[in-house]
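Please open the model in a viewer and keep the selection panel at hand. The tour below proceeds by selection, stating at each stop what is to be found there.

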Amino acid sequence: MPCAKRPNFCQMLSSLAIVVVITEAHGRPLQHSIVIPASPRRTLLRHALALGVPLAATATLPRPSCAAQPTRNAAELPQFDAEGKLLTAYDEETDFQVIRSGAASVRILSGWTQGADSSLADPVMGAAASRLAFSKTPTSLANISELGRAEQVQVTSAFGLDSELVRADMVAASKRLADGVLYYEYDLALPAKECVPELATACLPQQVTLLSCCVRDKVLHVLQVDISPSQWRRAGQALKNLRSTFVVQATAQSA
């Protein structure tokens, strides 16, 4: 029927892309589907889901018929157990280097470099993190558990973080025990100050911050890793694994 007589129907057809039906020799269809072109909102939601940050609303996206084969990159290399120990399967495959600050240390991939501004970079992927920083503060606490449950801690004031992080959402809170020391670990998402009103429910964070904190020998130690959305997509898992290697050794006085 001509489009002049059914304009609404033709307008609908013009917004759809039809995937050709593949048939067997016997004429039976193997696969058919209708693909709706990606809108800016769908694209934004996919990126938000890739960041792992909860959204107020999400859309159901079409599932691809053939899953792409996963590629191996730096974000997938190191894996650690609940106590932050490197799993044996990766011991012979992955090389690391140690960054130290007094009694505190962390392990990063051997190919990564730390800039003068404390940023991390991969020679292939590029920037991996905006900042990796250690801090320590004398405290009257004997154990970080004295602050209460990990998810109830007001992290900005308790750990002396940047005031900007007061706005951050606590996406995850957990604890880890290594060498008898309890660590509290956090994933924070700092929301953007401005979002497009039509896409406000899918507004991406402007920064992800990973924290690992402990108390040892009356000193509060904090590891802070600041990450942009693009850095998080390319190296997020590697940075979370990096955080799990953060340890603080006993001082000579207490040893």
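Begin by selecting Arg243 together with its surroundings. Leaving aside residues up to four places away in sequence, Arg243 touches Arg176, Glu185, Tyr186, Asp187, Leu210, Leu211, Ser212 and Leu223. The residue belongs to helix α5. Is Arg243 buried or exposed? With a relative accessibility of 6%, Arg243 counts as buried. Please bear in mind that this is a predicted model.

**The whole chain**

Zoom out and colour by secondary structure. The protein comes to 5 helices and 15 strands. Of its 255 residues, 33% are buried. If contacts between residues at least 6 apart in sequence are considered, 53% of them join residues at least 24 apart. With a surface display switched on, the protein exposes about 15200 Å², of which carbon and sulfur atoms supply 54%.

**The five-stranded sheet**

Next, select β10, β11, β12, β13 and β14. These strands form an open sheet in the order β10-β14-β13-β12-β11, with antiparallel pairing. Which strands stand at the edges? They are β10 (131–138) and β11 (169–178); each has a single partner strand, so one side of each is left without a neighbour in the sheet. Neighbouring strands here are turned by 15° against each other on average, direction ignored.

Keep β11 and add β12 (residues 181–191) to inspect one pairing in detail. The two strands are joined in the antiparallel sense over 9 bridges. To follow one of the partnerships, pick Met170, whose bridge partner in β12 is Leu188.

**The nonpolar cores**

Now display side chains. The largest nonpolar core holds 26 residues, and those with the most contacts inside it are Trp112, Leu120, Val225, Leu239 and Leu242. Two or more residues of this core come from each of β6 (104–109), β9 (126–129), β12, β13 (205–216), β14 (219–227) and α5 (229–243). Which element gives the most to this core? That element is α5, with 5 residues. Another core, of 19 residues, lies apart from it; among its members are Val155, Leu182, Tyr186 and Leu190.

**Aromatic pairs**

Restrict the display to aromatic rings. The count of aromatic pairs comes to 3. Select Phe134 and Phe246: their ring centres are 6.2 Å apart and their planes stand at 40°, so the pair is tilted. Phe134 lies in strand β10 and Phe246 in the loop between α5 and β15 (247–248), so this pair ties together parts that are 112 residues apart in sequence. The two partners may also be compared by accessibility: Phe134, at 22%, counts as partly exposed, whereas Phe246, at 0%, counts as buried.

Move on to Phe159 and Tyr186. This aromatic pair is likewise tilted, at 6.0 Å centre to centre and with 50° between the planes. Because Phe159 lies in the loop between α4 (155–158) and β11 while Tyr186 lies in strand β12, the pair ties together parts that are 27 residues apart in sequence. Both Phe159 and Tyr186 are buried. Tyr186 has already appeared on this tour, as one of the residues touched by Arg243 and as a member of the core of 19 residues.

Return to Phe134 and Phe246 and add Tyr183. Phe134, Tyr183 and Phe246 form one aromatic cluster.

**A hairpin**

Select β5 (residues 96–101) together with β6. These strands pair in the antiparallel sense over 6 bridges, and Ile99 has Val106 in β6 as its bridge partner. β5 and β6 form a hairpin with 2 residues between them, and Gly102 in the turn has a positive phi of about 65°.

**Two backbone exceptions**

Finally, turn to the backbone torsions. Most residues other than glycine have a negative phi. Select Ser118, in the loop between β7 (113–114) and β8 (120–122). Although it is not a glycine, Ser118 has a positive phi of about 75°. Its relative accessible area of 23% makes Ser118 partly exposed.

The last selection is Asp217, in the loop between β13 and β14. What is the phi of Asp217? The value is positive, about 55°, although Asp217 is not a glycine. At 32% relative accessibility, Asp217 counts as partly exposed.

Key. Residues numbered from 1 in each chain as written. Predicted model: local features only at pLDDT ≥ 70, side-chain atom pairs only at ≥ 80, totals over all residues. Heavy atoms only, no water. Pairing = 2+ DSSP bridges. Helix = DSSP H or I, 4+ residues; strand = E, 2+ residues; numbered from the N terminus. Axes fitted to C-alpha atoms, helices over the stretch in contact; angles between N-to-C directions. Core = buried A, V, L, I, M, F, W, Y, C linked by side-chain atoms within 4.5 Å. Buried < 20%, exposed > 50% of the residue type's maximum accessible area, 1.4 Å probe, protein only. Contact = heavy atoms within 4.5 Å. Areas by Shrake-Rupley, 256 points an atom, 1.4 Å probe, with all protein chains shown as cover. Phe/Tyr/Trp six-rings, centres within 6.5 Å; stacked < 30°, edge-to-face > 60°.
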